[in-house]
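User: I have a model open on my screen and would like to go through it with you. Could you walk me through what is worth looking at?
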Amino acid sequence: MSTVRPKGVSRRELGLSARQLALEAEYQAFAMQEVAPLAEQIDRTEEIPRPLVDRLASAGMLRGAAFDEPPDPIAHGLRHEALAYASASVEGLVNVHLMVTEALERWGTALQRRRWVPELATGARLAALAITEPEVGSDASSVRTRARAAGRGYVLDGRKKWITCGQIADVFLVLARCEEGPATFLVPRDAPGLRIEPIRGLLGCRGYMLAELHLDSCAVPADHLLGAVGAGFSHVATTALCAGRVNLAWACVGVGQACLDAALRHAGERRQFGHAIEDFELVQRILTRMIARIDAAFLLCLRASHERASGGAAAASMEAAIAKYFASTTLTRVASDALQLHGALGCSAEVPLQRYFRDAKIMELIEGTTQILETMIARQASSRARVASALGACAGNGREQSASL
Amino acid sequence: MNDGTVRDTVGAFLRGALRHNDLADEDDVFALGLISSMFAMELVEFVEREFGIAVESEDLEMENFQSIAAITRLVAAKSAVAGAARGMVS
């Protein structure tokens, strides 16, 4: 794989600040120097080498938003795009780690934040999110893993499956169901009653280091409950998923850009019928479709990150879902187009196209499948319309009255 | 903002957003099945923005959000704490 990234559109014209552009260059340099040379090995061995995880940590790639001054969700997005350009698997490790970090930063008590967040930021501990179960995927609020208060803590029983970075994470944010409602718990890797079983042989994103977690009377102290019982899905897990969707959308743009760069390079070099294939109109059509789709996904990512910076959590959740929906469905098409354009070469181990193609399918499935997002976005839009109308009613009620107090 | 105004504002918001015009102050919106996970986030955001308070981990108990009256009590309690803190600073 080339370690020189061709320049795409002029991002300065799209409103990125000088600081964001400088950070983007820094992230790209790190990704191309440290991650890209290992991408093929990670895909083949289904493992991210520990020294690379350490370098991610020392380069600040595992730091959450609480350490930003000022907070800059767009810069975060650029980080995910750059990492995924080099390796979707490595971006996945960073994403799940930051999803847990974000939930802790938002819903952790002061004590919990002091205890966990600095360790996560330095990479002293790696975190993973454990929501999905063998029988529960998109219907995440219906998890079957049970938690009950026992002594000075809680005891968890159940199974979690397809847990990204489950093989190496030091702590899991586990969604379970108490009698009173859903709740999330921080479960350290060495918690008694937790057994971790690696899952191998995935189609794509093969460096995700997936695992199945077996929680058999797994005991955690009371202060490992994150948020309140009853708010585990609606607030804590949703906060993590919202962050994860934006990050993943940016990652899809990164892989899509890698597909496009490879396609442009190949179309310029490959000659048939006495011409570079880029001269043929049907090839131009493929390239144009790829460029337009990736640029559109990039703009939706910008909007989603902008909403995280300036809007409320509900609006940010909606924009995150839209960005992830569009970017991930776009990526599967872009990766397919790039593969088509490469012909047999694209299916070989000589170029990374087949890896992009396999990774793209996984990225469309995780953090909300296309179908669940299609349902969710429409429902959320209806709900937000009612909220906007109700806020209008409030304006004619409390706000006017309070102004007169 | 006094408790009556808070109650009216919360009531207007919940009745409108949930399309439940006859929602009474003590009606349990969770028991009535009116709250989705998406709307739960909207509700927290509304309370924070409308009344200028920060909803924290400790406030996430369902009892604090289960009715118009419960939310009114939460706002009053949080406002009192914030007011006392401002008094200590000054």
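User: Let's start with Arg55(A) and Glu34(A): what kind of link do their side chains make?

Analyst: Keeping in mind that this is a predicted model, the side chains of Arg55(A) and Glu34(A) come together in a salt bridge, with 2.5 Å from N to O. Arg55(A) sits in helix α3, residues 50-58 of chain A, while Glu34(A) belongs to helix α1, residues 18-35 of that chain, so the pair ties together parts that are 21 residues apart in sequence.

User: And is Arg55(A) buried or exposed?

Analyst: Neither, since Arg55(A) has 31% relative accessibility and therefore counts as partly exposed. Its partner Glu34(A), at 25%, is also classed as partly exposed, given that a residue has to fall under 20% to be called buried.

User: How many salt bridges does the whole structure have?

Analyst: Over all chains, the search finds 21 salt bridges.

User: Which residue does Glu102(A) pair with?

Analyst: Glu102(A) forms a salt bridge with Arg308(A), their side chains meeting at 2.8 Å, N to O. Because Glu102(A) is part of helix α5 (residues 88-107) and Arg308(A) is part of helix α8, both in chain A, this pair ties together parts that are 206 residues apart in sequence. Arg308(A) itself counts as partly exposed, at 24% relative accessibility.

User: What about Glu119(A) and Arg125(A)?

Analyst: Those two side chains also meet in a salt bridge, at 2.5 Å from N to O. Glu119(A) has a relative accessible area of 30%, which makes it partly exposed, and Arg125(A), with 22%, is partly exposed as well. In addition, there is a network of salt bridges that links Arg289(A), Arg293(A) and Asp337(A).

User: Back to that helix α8 of chain A: how many residues does it have, and how far does it reach?

Analyst: Helix α8(A) covers residues 281-310, which is 30 residues, and from its first C-alpha to its last it reaches 43 Å, close to the 44 Å expected at 1.5 Å a residue.

User: Which of its residues are buried, and what do they pack against?

Analyst: The buried residues of α8(A) include Val283(A), Ile286(A), Leu287(A), Met290(A) and Ile294(A), and further along Phe298(A), Leu300(A), Cys301(A) and Leu302(A). Ala297(A), Ala304(A) and Ser305(A) are buried too. The buried residues of this helix pack against three other helices of chain A, namely α4 (73-86), α7 (232-269) and α9 (313-342).

User: How far is Cys301(A) from Leu365(A)?

Analyst: Cys301(A) and Leu365(A) are 18 Å apart in space, C-alpha to C-alpha, and 64 residues apart in sequence. Leu365(A) lies in helix α10, residues 353-365 of chain A, and with a relative accessible area of 47% it is partly exposed, whereas Cys301(A) is buried.

User: Switching to strands, how do β2 and β3 of chain A pair?

Analyst: Strand β2(A), residues 146-150, pairs with β3(A) in the antiparallel sense over five bridges, and Ala150(A) stands opposite Gly153(A) of β3(A). The two strands form a hairpin with two residues between them, and in that turn Gly151(A) has a positive phi of about 60 degrees.

User: Fine for a glycine, but which other residues have a positive phi?

Analyst: Two to check are Cys165(A), with phi near 65 degrees, and Met209(A), with a positive phi of about 50 degrees; neither is a glycine. Cys165(A) is in the loop between β3 (153-163) and β4 (171-178) of chain A, and Met209(A) lies in the loop between β6 (194-198) and β7 (211-221) of that chain. Cys165(A) counts as buried, at 2% relative accessibility, and Met209(A) is likewise buried, at 4%.

User: And chain B, what is its secondary structure?

Analyst: Chain B has three helices and zero strands, so the pattern along its sequence reads α-α-α. Its radius of gyration is 13 Å, close to the 12 Å that the globule rule gives for 90 residues, so chain B is as compact as a globular protein of that length. The C-alpha atoms fill a box of roughly 45 × 25 × 20 Å along the principal axes.

User: How much of chain B is buried?

Analyst: Buried residues account for 44% of the 90 residues in chain B. The chain exposes about 4,300 Å², of which carbon and sulfur atoms supply 51%.

Note on methods. Residues numbered from 1 in each chain as written. Chains lettered and ligands numbered in written order. Predicted model: local features only at pLDDT ≥ 70, side-chain atom pairs only at ≥ 80, totals over all residues. Heavy atoms only, no water. Helix = DSSP H or I, 4+ residues; strand = E, 2+ residues; numbered from the N terminus. Expected span 1.5 Å × (residues − 1). Buried < 20%, exposed > 50% of the residue type's maximum accessible area, 1.4 Å probe, protein only. Contact = heavy atoms within 4.5 Å. Salt bridge = Lys/Arg side-chain N within 4 Å of Asp/Glu carboxyl O. Rg over C-alpha atoms; globule rule 2.2 N^0.38 Å. Areas by Shrake-Rupley, 256 points an atom, 1.4 Å probe, with all protein chains shown as cover. Pairing = 2+ DSSP bridges.
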